[in-house]
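Hi,

Here is the structure I promised to pass on to you. Have a look at it first, and then read my notes below.

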Amino acid sequence: MALRIAAGADPLDIATNHGVNDNQPMVSFWLVMDAIHKSPQLDIQFPTLHEEQRRLQRSLREEEVWTEHASSLWVDIRYPGTTSDFCFDQSSLKDKLEQPGFLHSGLCLFGDAAYANSSYMCSPFRSATGTQDDFNFFQSQLRITIECAFGMLVHRFGILRKAFPVNVTVSKTNVAVLGLCKLHNFCIQSSNCGDDIVASDFRDVSNIIMEGGIVLPRIDRDDGSDNRWRYEEEDRLDNLLDGGQHMDDHDRTDGGAGTKRYQDRPFMNTLF
C-alpha cells in the first residue's frame with residue numbers, strides 16, 4: 001500500500017483493493033517512511049573517503065553508467081523552494097568541505113551562479129565572453145546531472161508530481177520527501193539498471209491528474225510505445241522547476257566556436 005501511495009495512487013482506491021479502512025493506506029505510508037529513517041543503512045551521506053570520491057570522479061570522466069550519479073549524495077530540505085542558494089552557507093556540508101583534507105585534492109563541486117567560487121566550489125563566470133563563455137558552456141553540461149537526478153526521482157514517485165494533502169504538515173512533507181530520496185537511492189544501488197523506471201499504473205496517473213498534478217508528456221502515454229524513463233527534453237518537467245535553464249550561464253549562439261576553442265583546455269576534476 002505504501003508503494004502505491006508513493007506512486008501517486010488514490011488512498012480510497014488502495015483501501016478498496018485491499019479491503020481495509022480508508023485511512024490505512026496513508027497510515028502504512030507513514031509507517032514505511034518512519035522505518036526508512038530508522039535504518040542507518042539507508043542514510044544519505046556525502047562520501048568522506050578520498051578513494052570513494054576519486055572513484056566517483058573517475059566514473060564521470062570515463063562516462064560509465066551515469067545512473068549511479070542520479071542518486072543523492074547529500075540532501076538538505078530545511079528551506080522553502082524560493083530560498084537563495086546562499087542557504088548553502090548554513091549547511092553541514094559546507095562545514096565539512098571547509099575542513100582541510102576533507103575533499104580529495106584537485107576535486108570540487110560545480111554550482112550555478114548563486115554559489116560563490118572557492119577551493120571546493122566552482123561556479124560560472126558572470127558576464128562571460130570568449131573563453132570564459134566556453135567554460136560556462138561545459139560547466140553547465142556537468143550541472144545537468146542534478147536535473148537528471150530530480151527527473152528520475154519524480155518519475156519514479158508520482159506523489160511528488162502533485163500537492164500533498166492539506167492535512168499533512170510541512171515537517172511531515174519533508175519527512176516524506178527525504179524518505180523517498182533514500183528509497184530512490186536504494187533502488188539505484190540495488191539494481192544494475194537504476195534508470196529502469198516505467199510508466200505508472202493508469203489509475204495512478206488518473207488520480208495525479210484529478211488532484212491537479214503534472215502529467216509526464218511521454219512516459220504516461222498508454223499507447224504501447226517505449227515508455228521507460230530517459231533524459232530528454234520531452235520528459236523535462238518545467239512546471240516543477242524554477243523556469244530557468246542550466247544553459248543560461250552562457251551564450252548559446254557561440255556554442256560551436258566555444259566547443260572548438262575548449263578542446264585544448266585542461267579538464268576540471270569535478271565531484272557532484
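What follows is a short tour of what turned up, from the whole chain down to single residues.

Please keep in mind that this is a predicted model. The chain has nine helices and two strands. Going along the sequence, the order of these elements is α-α-α-α-α-β-β-α-α-α-α, with the two strands following one another after five helices. Of the 272 residues, 40% are buried. The chain exposes about 15300 Å², and carbon and sulfur atoms account for 53% of that area. If you look at contacts between residues at least 6 apart in sequence, 65% of them join residues at least 24 apart.

Now to the aromatic residues. The structure holds six aromatic pairs. One of them is formed by Phe-29 and Trp-30: the ring centres lie 5.1 Å apart and the planes meet at 70°, which is over 60 degrees, so the pair counts as edge-to-face. Phe-29 is buried, with a relative accessibility of 0%, and Trp-30 is buried as well, at 12%. Trp-30 also has a charged partner, since the charged end of Lys-172 sits over its ring, 4.1 Å from the ring centre. Elsewhere, ring pairs join Trp-74, Phe-88 and Tyr-115 into a cluster.

Tyr-115 comes up again with Ser-123. Ser-123 lies in the loop between β2 and α6, and its side chain reaches the backbone oxygen of Tyr-115 at 3.1 Å. Is Ser-123 buried or exposed? Ser-123 is buried, because its relative accessible area is 6%, and the limit for buried is under 20%. Setting aside neighbours within four places in sequence, Ser-123 is in contact with Gly-111, Asp-112, Tyr-115, Ala-116, Asn-117, Phe-135 and Gln-139.

Ser-127 is also worth a look. This serine is found in the loop between β2 (121-122) and α6 (130-156). Ser-127 has a positive phi of about 50°, although it is not a glycine. Unlike buried Ser-123, Ser-127 is exposed, with a relative accessible area of 76%.

On the cysteines, a search of the whole structure finds zero disulfides. Cys-122 is in no disulfide: the nearest cysteine sulfur belongs to Cys-108 and is 5.1 Å away, whereas a disulfide needs the sulfur atoms within 2.5 Å. Cys-122 is buried, at 10% relative accessibility, while Cys-187 counts as partly exposed, at 25%.

The last stop is Phe-157, in the loop between α6 and α7 (170-189). Which residue, 149 places away along the chain, has its C-alpha atom 6.9 Å from that of Phe-157? The residue is Gly-8. Not counting residues up to four places away in sequence, Phe-157 touches Ala-6, Leu-180, Leu-183 and His-184. Phe-157 is buried, with a relative accessibility of 5%.

If you want a place to begin in the viewer, try Trp-30, with Phe-29 paired to it and the charged end of Lys-172 over its ring.

Best wishes

Definitions and conventions:
Residues numbered from 1 in each chain as written. Predicted model: local features only at pLDDT ≥ 70, side-chain atom pairs only at ≥ 80, totals over all residues. Heavy atoms only, no water. Helix = DSSP H or I, 4+ residues; strand = E, 2+ residues; numbered from the N terminus. Buried < 20%, exposed > 50% of the residue type's maximum accessible area, 1.4 Å probe, protein only. Contact = heavy atoms within 4.5 Å. Areas by Shrake-Rupley, 256 points an atom, 1.4 Å probe, with all protein chains shown as cover. Phe/Tyr/Trp six-rings, centres within 6.5 Å; stacked < 30°, edge-to-face > 60°. Lys NZ or Arg CZ within 6 Å of the ring centre and 35° of its normal. Polar contact = N/O pair within 3.5 Å; in protein donor to acceptor, adjacent residues only side chain to side chain.
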